[in-house]
Structures are given as structure tokens and as C-alpha cells.
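This report looks at a sheet, at two cores and at the surroundings of a ligand. Please keep the sequence and the structure in view while reading.

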Amino acid sequence: MDMNRRQFFRVSSADLVGSSLAALGFSPTAALAEARNFKLARTTETRNTCPYCSVGCGIIMYSLGDRAKNVVSDIVHIEGDPDHPVNRGTLCPKGAGLLDFVHSPNRLKYPEVREAGSNEWKRTSWDDALGRIVKLMKADRDANFVTANADGKTVNRWTSTGMLCASASSNETGYITHKAFRSMGMLVFDNQARV
Ligand code: SF4
């Protein structure tokens with residue numbers, strides 16, 4: 001067989017790689033025998049949004065556990081959502097570390113309250129927390145709502161309570177939130193996207 005110099009080196013290097021891999025135990029038969037199941041094969045996929053920053057990347061959380069009564073499902077893997085228009089499957093290092101965030105022993109999983117004058121945080125229920133927030137907001141608005149400024153012009157504003165919103169909300173959620181709180185006269189209104 002006629003072979004030029006370039007072809008000779010190509011064939012020689014392919015032979016060398018093949019024999020080296022075989023010497024290391026990577027023969028096709030051994031590789032086949034080592035094949036394992038895809039680690040996400042039995043998981044449940046749940047779509048969500050990364051909670052960290054205003055980019056709002058889409059994520060897929062993979063959990064194990066069939067949701068039977070005596071089974072607690074556990075998130076075993078998180079990755080970027082390839083169908084999400086914002087990140088198209090990518091995640092920055094913070095987003096890529098979300099699994100540690102989910103399983104962190106320091107993660108706050110329920111509402112807590114610190115009463116005035118106390119230095120102790122106490123666990124409370126979501127119903128109690130939301131009811132308390134509503135009562136305190138109403139009391140503050142009733143006491144501090146300003147209907148007219150010093151010139152007598154109607155202003156209908158409430159400046160003694162503020163709201164900080166989540167940047168990962170959709171446009172629609174942001175629009176509704178804005179409408180709800182502006183309709184109460186609230187002026188102090190900002191978004192985590194600026195933090
Ligand atoms: S993955 Fe990174 S860029 Fe995307 S929302 Fe999370 S923190 Fe922001």
C-alpha cells in the first residue's frame with residue numbers, strides 16, 4: 001500500500017492510542033461491562049427559577065422519591081433549564097451550587113418573628129405570619145396615610161411602610177404586585193434587582 005508521510009503518522013498514532021487504551025484496561029468489552037444507568041433515570045423533574053439574582057435563570061430540579069405517604073422526596077441534582085429563554089441551560093457558579101443551598105443546615109424554611117424589644121427569633125406559621133403582616137400594615141397605613149400636602153393638593157400617599165420585591169418574578173407578577181401596592185398609596189417600593 002502506498003502511503004505518504006502524513007498518512008503514515010496518522011495511522012501510527014491511531015495504533016498507539018488504541019494499544020495504550022487497551023493496556024490501561026479500556027478495551028471495548030470492558031467499557032461495555034462498566035456501563036451504568038443514567039443517574040437521573042428515576043428522578044422527578046421540577047422546573048423553578050434560581051433565587052439568587054435578577055437574571056432569573058430557569059432551573060430543573062431532579063428529586064428521588066415516589067411521593068408515597070411514607071417517602072420524603074429529596075432533590076439530588078439541579079441544572080440549567082435548556083428550554084428557558086433567559087439562560088438556555090446555562091448557570092453561573094452560584095446557580096451551579098444550588099444543590100448545596102437547598103441542603104444547607106442554615107437554610108430558613110419557615111417564617112420567624114422577633115417581637116419588639118426581644119433578641120430572640122421564634123418560629124411561627126405562614127398563616128400567623130401573613131395575618132400579622134396584614135394587621136401591622138393596616139394599622140400603619142391608617143395612622144400615617146397622607147391625603148394632601150402642605151399646599152392642600154391631593155397626594156394620597158403612604159410613606160411609612162415599604163416593600164422589597166423579588167427580582168426573579170415574571171413581568172406579569174411584577175405588574176400585579178406593582179398595581180396592588182401602588183393602589184394602597186405605597187411609595188417606598190424597590191426591587192432586589194437593584195441590590
Ligand atoms: S444562575 Fe447565576 S446568573 Fe442565573 S439567576 Fe442564578 S445567580 Fe443569577
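**The sheet**

In what order do the three strands of the open sheet lie, and is their pairing parallel or antiparallel? In this predicted model, the order is E1-E2-E3, and the pairing is antiparallel. Strand E1 (44-49) and E3 form the edges, each pairing on one side only. On average, neighbouring strands of the sheet are turned by 30 degrees against each other, when direction is ignored.

E1 and E2 run antiparallel and are joined by six bridges. For Arg47, the bridge partner in E2 is Ile60.

**The nonpolar cores**

The largest nonpolar core consists of eight residues, namely Cys50, Cys57, Ile59, Met61, Ile75, Ile78, Leu98 and Val102. Two or more residues of this core come from each of strand E2 (58-64), strand E3 (74-80) and helix H4 (98-103). A second core, separate from the largest one, has six residues, including Trp158, Phe181, Met186 and Phe189. In soluble globular proteins, nonpolar side chains tend to be buried together.

Val102, a member of the largest core, is in contact with Ile75, Ile78 and Arg107 once its neighbours within four places in sequence are left aside. Of these partners, Ile75 and Ile78 are also listed in that core.

**Around the ligand**

The ligand is surrounded by Cys50, Tyr52, Cys53, Val55, Gly56, Cys57, Leu91, Cys92 and Gly95. This shell divides into seven nonpolar residues and two polar ones, with no charged residue. Cys50 and Cys57 appear both in this shell and in the largest nonpolar core.

How values were computed:
Residues numbered from 1 in each chain as written. Predicted model: local features only at pLDDT ≥ 70, side-chain atom pairs only at ≥ 80, totals over all residues. Heavy atoms only, no water. Core = buried A, V, L, I, M, F, W, Y, C linked by side-chain atoms within 4.5 Å. Buried < 20%, exposed > 50% of the residue type's maximum accessible area, 1.4 Å probe, protein only. Helix = DSSP H or I, 4+ residues; strand = E, 2+ residues; numbered from the N terminus. Contact = heavy atoms within 4.5 Å. Pairing = 2+ DSSP bridges. Axes fitted to C-alpha atoms, helices over the stretch in contact; angles between N-to-C directions. Near = heavy atom within 4 Å. Nonpolar A, V, L, I, M, F, W, Y, C, P; charged D, E, K, R; others polar.
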